[in-house]
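Q: Please take a close look at a single helix in this model. Set out its extent, its surroundings and what comes after it.

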Amino acid sequence: MKTLYLAIKYLAILVWSCFVVFPFLWALTTSFKTANGVTGGATWIPWLQYEPSLHGWKTLFGGAGGTDITGPYMNSIIVTGSASLISIVLGTLAAYGLSRFTFKAGFVRNGDITFFFISQRIMPPIVLAIPFFLLLRQLGLLDTLAGLVLVYIALLLPIAVWVMVDFFNNVPRQLDEMAWLDGCTPMTTFYRVILPNSIPGLIVAGMFCLIFGWNDFFFAFTLTFTNTQLLPVAIVALNSSVTPWWSLSASALISVAPLILLAFVVERFLSRGGLAGAVR
Amino acid sequence: MYRQKHLFLLPGLLVLVAIIIFPLLFTIRVSFSSWDVFQPGLDWIGGENYGRLLEDARYWGALGRLLVMAVGTVLIQYVLGFALALLVWGDLRARRFFRVLFLVPMMTTPVVMSVIWRTVFHESIGPLNGILQALGLHGLPWLSEPTLAFISVMIVEIWQWTPFMFLLLLAGLVSLPREPYLAAKIDGAGPIRTFFAVTFPAMAGISIAAILIRLIEASKIMESVYVMTSGGPGTATETSSYYIYIRGLRDFQLGYASSLSVTYLVIMIISLTIIAKVLVRFFVKDRT
Amino acid sequence: MSALTLQNLNLNVDDEIWLDDISLHLEPGGLYTLLGRTGAGKTSLIRTIAGLEDLDGGRIWHGDACWNGLAPWRRPVAMVYQQFINYPHLSVLDNVAFPLRRAGVGADEARDRARAMIDKVGLSAMVARRPGALSGGQQQRVAIARALAKDAPVLLLDEPLVNLDYKLREQLREDLVELLAGRQSTIVVYASTEPSEALQMSSRLLLMEEGKVVQEGRPRQVFDAPASIGAARVVNDPPINILSMTLDTDAAEVESLGYFPLESLFGAARLADIGEAGLSPGQYYIGLRASDLQLAPEGRPAEVTLTEVSGSETITHLDMAGCHLVLHERAVVNHRVGSQIHVRPRLSTVFVFDRNGALAHVAHPSRGQD
C-alpha cells in the first residue's frame with residue numbers, strides 16, 4: 001500500500017516534469033537544427049538524427065537569414081527596467097502612505113484607495129490598448145521607448161502597490177513613531193528608517209515587476225511598429241509562414257533564460273515562508 | 001500635522017489616474033462615436049455602436065468561448081496545482097529541485113512559449129505527432145481542427161499557469177500550522193480524511209484568492225490565441241480580447257471596438273463579482 | 001527649564017473615552033509615575049504628550065509654548081516603549097547616535113556622546129552589534145540609552161520593563177533609578193502597573209483609572225490613604241480585600257468575617273473620632289490588605305482556591321462563604337487547594353470607604369493610642 005502510494009507519487013511528479021520540460025527540450029534541440037533537420041520530421045538527438053549547427057544561434061546576433069535580436073533585447077531591458085524602477089518608487093511611496101496615514105475624501109477611505117490600485121489588474125489590456133494607441137499618437141510617443149515605459153507603469157504600479165502595502169502593514173508602526181520622536185519628519189523617516197528595513201519587500205516587488213514587464217507582449221505589439229521592437233515582438237515576428245524554427249527556438253530560449261533564473265529566487269522566498277504574506 | 005502624507009500617496013495615485021482612468025473615460029467617449037479608418041474623429045452617434053453589438057453574434061460567440069476556456073483552464077489548473085503542491089509539500093527527494101522546476105513555466109514569457117508550442121503542435125513536422133506516430137497512432141490536426149485547436153490553446157494555458165496555482169497553494173501549505181495534523185494523526189485519520197478534514201478547509205481563503213486571480217488573468221486570454229491559431233480555424237478559438245483587437249486595431253473600427261471594450265469590461269466585473277460570491281459560499285459552506 | 005502643563009486633556013477613540021479631562025502640572029527634575037491597570041489610560045497619556053495621538057480637547061503647554069498641533073518630530077520629547085524598539089538596520093552605536101545626528105550634532109561628537117551613554121547602560125562591549133543580535137534586556141538598554149542620549153527635557157517611559165523576565169526587570173530597574181537620578185532639568189514620566197515599582201521609582205505618584213487621574217501625591221501618602229476603592233485596588237498588589245460592612249453604634253458586621261466590636265476594628269481611642277469622621281451607622285466598605293489577614297485557629301474557616309508562591313512569599317486565594325479573599329504571607333507555605341484554613345484580620349490598618357467608594361477613614365487599631 002505504502003509502496004504503491006510512493007510509486008504513484010513519483011510517477012505523477014515524473015509525468016508533470018516531462019510536460020514542463022518538453023517545450024524547452026524541444027526548443028533546445030531545434031535551435032541546433034538547419035532547414036534540413038527541421039523539415040525531415042520531429043527529431044531529438046543531434047548527430048544521430050540530424051547534423052547539429054550553430055546557424056540558429058548565429059542569426060540572433062546579425063548572422064544571415066535571421067533577425068538581429070540584440071536591439072530588441074536592449075529595448076526590453078530598458079523598458080522593463082525603467083518602468084519597474086519608476087513603478088517601485090511610486091508604488092512604494094503610495095503603499096507607505098496608505099499603510100501609515102489616514103486618507104479621507106468623501107466616502108473614500110484608505111482601503112478603497114488600495115483596492116483602486118490593485119483592481120487595475122482586472123483591466124483587460126485590449127480595453128486600454130485602443131485609447132493608449134490614440135493618445136500616444138497624439139503625444140507623438142507611438143513607437144517610442146518612452147511611450148512604452150509610460151504604458152508599462154500602468155501595468156506594474158498596481159503590482160508594486162499590492163506587494164508593498166502588505167509588506168508595510170507588517171512593519172511595526174512603533175518604528176516610525178520612534179523615528180519621529182528622534183526628530184525625523186515622515187519623509188526622512190521613510191528613507192532613513194523604513195526603506196533600509198524593507199529590502200525583502202522591495203526584492204519581491206521588483207521581481208514581480210520585472211517578470212510582468214518582461215513578459216508583456218500585447219502593448220509592445222500594438223503600440224510599436226518597427227523603430228522600437230521589444231524582444232517578444234521580435235520573436236513573434238519570426239513566427240511567420242516560412243518560419244525559421246532554428247532562430248525562433250534559439251531566440252525564445254535566450255529570452256526566457258533570465259526568467260528561469262528568477263524561478264530560483266522565488267523558490268528561496270517560498271521555502272523561507274516569505275511569500276505566504278506577499279500573496280495573501 | 002501630517003501634511004507630508006500626500007507626498008507619499010499623490011504621485012502614484014495621479015500617475016495611475018492619468019494613465020488608466022483618463023484613457024478609460026476616453027474609451028467610453030469614443031464608444032459613442034463612429035471613429036473608423038475612413039472617418040477618424042470624435043462625433044456623437046449615441047448608442048448606435050451598442051445597438052450593433054447586441055446583434056453581433058461573433059462577439060457573443062467569442063464571449064462564450066472565453067467563458068468556457070477561462071473557467072475550464074482555471075479549474076484544471078486549480079486541481080493540478082493543488083495536487084502538485086501536495087506532492088512536493090511532504091518528504092521528497094530533491095524537493096527543492098522539483099519546486100523550482102514546477103515554477104518555471106509561469107516565469108517564462110507566455111507569447112514566446114506559445115511560439116514554441118505552435119511548433120510542437122505542428123501537424124506534419126511537430127514532435128507531438130512524431131511521438132504519436134512512433135507509438136503507432138495517427139497524428140492529429142492539432143491546430144487546424146476546431147475542437148482540437150481549442151484544446152491545444154487550453155493545454156498551453158494550463159502548462160503556463162498551473163505553476164501559479166501551485167505557487168500560491170504551496171505558499172499556503174507551507175504556512176499551515178502543524179497542530180491539527182498531529183491531532184488528526186492521533187485520531188487515526190488516513191491521508192484522504194486528513195486532507196478533507198484539515199488541509200482543504202484551512203486552504204479555503206488562499207483557494208478563493210488563487211482562483212479569482214487566475215480567473216481575472218484568464219479572462220484576458222488572447223496572446224496564445226494570436227500566436228497559435230489567430231483565432232482560427234474560422235473563429236473556433238477567438239476570444240473576446242482577440243475579437244476586439246481585430247475590430248479595433250486591425251479593422252480600425254475604433255468607435256465600435258470601444259463599445260465592445262466597455263461592454264466586455266462591465267460583463268467581466270459583474271461576472272467576477274458573482275463568481276467571487278459563489279466561491280466564498282462554496283468554500284465557506286465546505287468548512288462547516 | 002520649563003514645566004509641562006496639561007489642561008483638560010480629552011481623547012476619544014471610536015466613541016470610547018481614553019482620556020477623561022486630565023489636568024496635571026509636571027515640574028522639571030520630577031519623576032512622575034503613572035500607576036494604573038492595563039487600559040487605565042497611561043499609554044494614551046504618554047502618547048498624547050509625545051504628539052502621537054490627536055487630542056479631542058484640552059491643551060498641552062511646555063513653559064509658555066503650546067504643543068497642540070506640534071508634530072512629534074518637533075517636540076523635545078524622548079520615549080521608551082514596552083516593546084523593544086530599535087532601528088534594526090543600525091548598529092547599537094548608530095542607534096544611540098541617531099537622534100543626535102537628526103538634531104544636527106556632528107558625526108564625531110554624536111558618536112562620542114553615544115558611546116558614553118552606552119557605557120552608562122553597560123553595553124560597551126556591544127557597540128558594533130545590530131539590535132537583533134542582543135537579548136531582550138540588552139535591546140531595552142539600547143532603547144533607554146537612545147532616549148537618554150538626546151537629553152530631551154521630557155522623557156517618557158511606557159512600562160519599559162514589563163516585557164522582561166523577573167530577574168532582568170529587577171536589575172534594569174535598579175540601573176534605571178540610578179540613570180534617572182539627578183536629572184534636574186528633565187521631566188520624567190514613567191508608566192507602570194506595579195505598585196512596588198512605583199514606590200521604588202517615583203517622587204510623585206499619579207494614580208490612573210478609566211482615563212482619569214484619580215489621585216496624586218507622594219507614593220507613601222497615596223499608599224497610606226488611597227482616596228477611593230479604585231485607588232486602593234491600584235496601589236495594592238497582591239489585591240486588597242474589599243468587603244462590605246454594616247456599621248452600628250457599638251459593633252460592625254463585616255461581610256463573611258462576622259461581627260466586630262467597634263473598638264477592635266478601629267481601636268479604643270478612636271471611637272470618638274469615628275463620629276468626627278462622619279461615620280454614622282450605615283452601609284460601608286472595608287479595605288483590608290492581603291497582608292492584614294492572618295492564619296488563626298480561632299478565625300473563620302475558608303477554602304483554599306489557589307496558591308501562588310513567588311520568592312519567599314505566598315499568596316493564597318480563599319473562598320469564605322462565597323466571598324473572595326486574598327491572604328499574603330511572608331513565608332513559603334503550602335496550602336493545599338481545596339483544604340480548609342482559618343483566618344482573621346490582623347487589624348493593623350483598616351480602610352473604610354463610604355457607599356460611593358470614597359475613603360472615609362483610616363484606622364490603625366493595633367497601634368493603640370495612635
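A: What follows describes one helix of chain C, then chain B in outline. The model is predicted.

The helix is α4 of chain C, residues 136-149. It holds 14 residues. From first C-alpha to last it reaches 20 Å, close to the 20 Å expected at 1.5 Å a residue.

Is α4(C) enclosed or open? Of its 14 residues, 12 are buried, so the helix is largely enclosed by the rest of the structure. For a residue to count as buried, 20 or more other C-beta atoms must lie within 10 Å of its own. The buried residues include Gln138(C), Gln139(C) and Gln140(C). Arg141(C) and Arg146(C) are buried too. Also on the list are Val142(C), Ile144(C) and Leu148(C). Ala143(C), Ala145(C), Ala147(C) and Ala149(C) complete it.

Next, the cover. Both helices and strands of chain C contribute to it. Among the helices are α2 (92-102), α3 (107-120) and α5 (166-180). The strands include β6 (77-80) and β7 (154-158).

Just after α4(C) comes Asp151(C), with a positive phi of about 60°.

Now chain B. It has 13 helices and zero strands. Its C-alpha trace spans about 75 × 75 × 35 Å along the principal axes. Of the 288 residues in chain B, 43% are buried. Among contacts in chain B with a separation of 6 or more, 68% join residues 24 or more positions apart.

Conventions: Residues are numbered from 1 along each chain as its sequence is written. Chains are lettered from A and ligands numbered from 1 in the order in which they are written. This is a predicted model: local features need pLDDT of at least 70, side-chain atom pairs count only at pLDDT 80 or more; totals for chains, interfaces and linings use all residues. Helices (H or I, at least four residues) and strands (E, at least two) are DSSP runs, numbered from the N terminus. Two residues are in contact if their C-beta atoms, placed from the backbone, lie within 7 Å. The expected span of a helix is 1.5 Å times one less than its number of residues.
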